[in-house]
Amino acid sequence: MAPVNLIPKHSPALERADFAPYFRSTPRQAGPPNRSTNHRLTSVWADILPGKAVYGAPAGRHALWYFLEAARIPKSGRVMVPAYNYYVVVQLLIQWGLTPVFVDVDPDTLTMDPADLDRAMTDDCVLVLVTHMFGHAADMASITRICARHAVPLFEDCAHGVGTRDDRGQIGNQGHGALFSFGPQKPMSCFGGGMLAAEPAAIGDYTPAPHPRGGPVVESSTFLKLLLTAVMSHDTYRVLLSPATRIAVALAKLGLTWPRDLIAPSKDDGSFVFKLNSRPAFKGFMTEMCALQLDRLDENVARRRAVIAEVKAAVGPTPHVRFLNEDKFGFHNGAYFGVHVQDKDLFARVMLAHGVEVNPYEFFDCSGLKQFAAFAAAACPQARTVSDHIVRVPSYPTLDARDCERIAAGMLAYCAARETVEEGSPDVQPA
Ligand SMILES: *Cc1c(COP(=O)(O)O)cnc(C)c1O
């Protein structure tokens with residue numbers, strides 16, 4: 001049984017005022033984006049994504065689909081993707097008609113390794129997709145150079161990356177297109193939705209086709225995501241969300257999967273198929289929620305970075321919990337705090353005993369997933385290691401000094417448990 005005051009693994013850290021645009025939206029405003037809502041969205045993001053063509057999308061994945069249409073990416077050829085990835089992105093590219101080539105990652109940042117991209121590059125490559133995993137900036141200087149040399153368009157997955165900066169400002173500014181995601185599990189929640197930010201020259205006069213209306217389950221998901229976002233805070237989480245998660249997981253075993261996918265997105269569903277109408281359209285109130293959260297962005301980034309720094313300082317150097325180099329290629333937004341541990345399951349159990357929830361299975365070495373076996377040409381040893389050993393620890397801005405102490409105490413207890421394991425069984429070699 002977890003302690004009473006459980007620190008949830010994630011919180012979008014919304015304030016009460018952030019909910020107002022949803023309740024203020026009239027049915028007309030609640031409709032799909034028209035020219036004026038799109039104009040407003042563009043101006044809301046103009047400070048950090050200057051000069052970009054910006055389109056609201058039903059989700060981040062739809063923004064990638066829009067880009068494939070808009071940039072007229074051929075429906076055959078190869079696409080370079082980092083192996084440590086979100087399987088949904090890889091599956092979508094396959095459905096478009098592309099052949100994914102898995103590129104290994106830099107273990108310091110979990111992002112695409114340019115040296116391996118160079119090695120993997122082929123003449124029939126039609127797209128390179130980089131993922132700023134955990135909000136860590138990728139090595140864009142090297143990657144843009146390689147793409148330019150091969151004259152291949154570059155797409156940036158910024159699902160975790162609002163507030164991360166490189167030498168060109170907000171990440172997403174350097175590629176031909178970039179996706180952002182506003183789901184409840186992301187650092188900025190608009191109760192769903194996503195966004196494409198593209199280089200105008202790369203997409204011409206493209207506008208996305210009107211989004212088809214989904215069935216009642218799809219259309220009601222916005223309100224469910226609102227509820228979910230509301231309970232993702234300390235006080236309500238344990239009372240409401242933990243039991244709800246358990247019920248949803250039980251229902252999923254009986255074949256009813258949408259509640260589970262909403263609360264605890266399954267991070268590897270081998271039978272997943274991307275469907276355009278699986279989400280409600282991007283709505284005007286989401287634009288206003290972006291505006292409110294962007295006003296607090298710098299403050300939130302500073303607080304998240306402080307949480308990470310406090311925890312790192314309290315734990316100190318230890319071989320059992322290795323920290324990453326989040327700022328290697330840019331200024332990290334602090335959204336996701338990844339740590340490298342030998343035994344992810346033991347780590348999750350010890351942290352939970354200290355009242356800290358972590359999810360040991362979130363992103364994977366996609367080159368090792370069954371559904372992509374046909375595309376796994378070269379092994380990606382770093383992606384494999386990262387997939388086996390990286391765990392994400394809470395770092396949202398509402399965590400206070402006592403929460404940081406609790407997170408550090410959990411990590412230190414894990415270190416002690418590992419000492420015992422290693423002393424108790426000297427024959428067991430750490431992999
Ligand atoms: C969530 C996520 C996406 C897609 O965002 P959706 O809004 O869920 O479609 C893409 N890439 C990564 C790394 C993500 O975590």
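Helices (H or I, at least four residues) and strands (E, at least two) are DSSP runs, numbered from the N terminus. The structure is a predicted model, in which local features need pLDDT of at least 70 and side-chain atom pairs count only at pLDDT 80 or more, while totals for chains, interfaces and linings use all residues. Residues are numbered from 1 along each chain as its sequence is written, and side-chain values use heavy atoms, with hydrogens and water left out.

**Exercise 1. Place Arg-246 and state whether it is buried or exposed.**

Step 1. Arg-246 belongs to helix α10, residues 234-253.

Step 2. Buried means under 20% relative accessible area, exposed over 50%, and partly exposed in between (1.4 Å probe, protein chains only).

Step 3. Arg-246 has a relative accessibility of 61%, so it counts as exposed.

Step 4. Ile-263 is 17 residues from Arg-246 along the chain, and their C-alpha atoms are separated by 10.0 Å.

**Exercise 2. Describe the open sheet and its edges.**

Step 1. Two strands pair if DSSP finds at least two bridges between them.

Step 2. The open sheet has seven strands in the order β1-β12-β11-β8-β7-β2-β4, with mixed pairing.

Step 3. β1 (53-57) and β4 (99-103) are the edge strands, each pairing on one side only.

Step 4. Axes are lines fitted to C-alpha atoms, for helices over the stretch in contact, and angles run from 0 to 180 degrees between N-to-C directions. With direction ignored, neighbouring strands of this sheet are turned by 20 degrees against each other on average.

Step 5. Strands β8 (residues 154-157) and β11 (residues 177-181) run parallel and are joined by three bridges. Asp-157 has Leu-179 in β11 as its bridge partner.

Step 6. Contact means heavy atoms within 4.5 Å. Helix α6 (residues 140-150) packs on the sheet and touches β7 (125-131) and β8. The direction of α6 makes about 150 degrees with that of β8.

**Exercise 3. Examine the edge strand β1 and its pairing with β12.**

Step 1. Five of the five residues of β1 are buried, and the strand is mostly covered.

Step 2. From β1, Ala-53, Tyr-55 and Ala-57 point one way, while Val-54 and Gly-56 point the other way.

Step 3. Five bridges pair β1 with β12 (residues 194-198) in the antiparallel sense. The partner of Ala-57 in β12 is Gly-194.

**Exercise 4. Explain why helix α4 is largely enclosed.**

Step 1. α4 covers residues 87-96, and eight of its ten residues are buried, so the rest of the structure largely encloses this helix.

Step 2. The buried residues include Tyr-87, Gln-91 and Trp-96.

Step 3. These buried residues of α4 pack against α3 (60-70), β2 (78-82), β3 (84-85), β4, β7 and β8.

Step 4. Gly-97, just after α4, takes a positive phi of about 125 degrees.

**Exercise 5. Compare the settings of Phe-134 and Ala-151.**

Step 1. Most residues other than glycine have a negative phi.

Step 2. Phe-134 has a positive phi, near 65 degrees, and lies in the loop between β7 and α6.

Step 3. Ala-151 also is not a glycine, and its phi is positive at about 50 degrees. Ala-151 sits in the loop between α6 and β8.

Step 4. Phe-134 is buried at 2% relative accessibility, whereas Ala-151 is exposed at 69%.

**Exercise 6. Find the surroundings of Gln-170.**

Step 1. Gln-170 lies in strand β10 (residues 169-170) and is buried at 5% relative accessibility.

Step 2. A polar contact is a pair of N or O atoms within 3.5 Å; within protein, one must be able to donate a hydrogen and the other to accept it, and residues adjacent in sequence count only if both atoms are side-chain atoms. The Gln-170 side chain reaches the backbone oxygen of Gly-161 at 2.9 Å.

Step 3. Not counting residues up to four places away in sequence, Gln-170 touches several residues, among them Ile-48, Leu-49, Thr-164 and Phe-180.

**Exercise 7. Classify the packing of α13 and α16.**

Step 1. Helices α13 (residues 297-315) and α16 (residues 401-424) pack at about 40 degrees, with their axes 9 Å apart.

Step 2. α13 is therefore oblique to α16, since angles under 35 degrees count as roughly parallel, over 145 as roughly antiparallel, 65 to 115 as roughly perpendicular and the rest as oblique.
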